[in-house]
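Here is a short briefing for a first look. Keep the sequence and the 3D view open while you read.

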Amino acid sequence: QTSVQTSASHDRPLVVAHRGASAYAPENTFAAIDKAADMGFRWVENDVQRTKDGELVIMHDDTLKRTTNVEQLFPDRAPWKVADFTAAEIARLDAGSWFSPKYAGQRVPTLKQYMNRVSHNHQKLVFEFKKPELYPGIEKQGLAVLRKTGWLDRHHVKSKLVIQSFSADSVKTVHKLRPDIKTGFLGTPAVADLPEYAKFSDQINSPHGSITREYVAAIHALKGPHRKHLEIFTWTVNDAAAAQRVAGFGVDGIITNTPDVVREAISD
Ligand code: G3P
Ligand code: CA
């Protein structure tokens, strides 16, 4: 762990469509991942939360207000928390019109529906347990859905899936339940603390404004739980200058709402 080596840094970073191609289609919907696929992007990112009756759904905020018409359909149910609505109620929501009338009728996918769509599109996934502290046991439940949809088959685990969270406890839980899955911790731990994270996390995925060339090198100098060099996927990089900056640092992945802009910026 002394020599500074990079893992994928000699290659171009992977480009990951954040919540799907979310600059061009409503985030975390089929439309957003289909759009990423149409644009030629294999890697997408999502956010997973739990309904009142225990269904896992794809949603970033812990309320439904910003990205659906919940306020219109259920005016008396403020603050419209995901955890206060049943799956059947959420299935009625329009998750596209807020973005553009062109996307009216997009739904909030269940995790199962979403995984099947990612499979159908031959895509790969950076899967995020969002606010897992609100949903005890969500890791075990999420892994069960992944298993049933074929996402814990060897080939998928090896090359198509990363599970990440801002919660170190959640990442540890995933690593403990399924040590074969590649994991990511969201944040920018102090360099001195990185070895602790490297015990359960294969990636340290930091906001792009928080990283330096030296920080990326410090990550690459360590090995993760699978004895491979630790990686960094940085987010959310939506302009060419930032993409070139982090690519120059040798990051392994760039998570972006505008994958086309990033691809163009980092191409030779
Ligand atoms: O994948 C990284 C990024 O998604 C983390 O932030 O708030 O967009 O989920 P957020
Ligand atoms: Ca996310």
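L111, K112 and M115 in helix α4 meet G142, V145 and L146 in helix α5. By class, this contact of α4 with α5 has four nonpolar, one polar and one charged residues. The model is predicted. The points below cover the helix pair, the ligand shell and one residue in α3.

**Helices α4 and α5**
- Helix α4 covers residues 111-120, and helix α5 covers residues 138-148.
- Their axes come within 10 Å and cross at roughly 40°.
- That angle makes α4 oblique to α5, because it falls outside the ranges for roughly parallel (under 35 degrees) and roughly perpendicular (65 to 115).
- The crossing of α4 past α5 is right-handed.

**Around ligand 1**
- Which residues surround ligand 1? They are H18, E45, D47, H60, V126, E128, L186, N205, W235, T236 and I255.
- Two strands each supply at least two residues of this shell: β2 (43-50) and β4 (124-129).
- By class, the shell holds four nonpolar, four polar and three charged residues.

**Residue A91**
- A91 sits in helix α3, which spans residues 87-91.
- A91 has 16 other C-beta atoms within 10 Å.
- A91 therefore counts as partly exposed, since buried takes 20 or more such atoms and exposed takes 12 or fewer.
- Along the chain, A91 and T110 are 19 residues apart. Their C-alpha atoms are separated by 8.5 Å.

Notes: Residues numbered from 1 in each chain as written. Chains lettered and ligands numbered in written order. Predicted model: local features only at pLDDT ≥ 70, side-chain atom pairs only at ≥ 80, totals over all residues. Near = placed C-beta within 6 Å. Helix = DSSP H or I, 4+ residues; strand = E, 2+ residues; numbered from the N terminus. Nonpolar A, V, L, I, M, F, W, Y, C, P; charged D, E, K, R; others polar. Axes fitted to C-alpha atoms, helices over the stretch in contact; angles between N-to-C directions. Parallel < 35°, antiparallel > 145°, perpendicular 65-115°, else oblique. Left-handed = near helix turned anticlockwise from the far one by under 90°. Contact = placed C-beta atoms within 7 Å.
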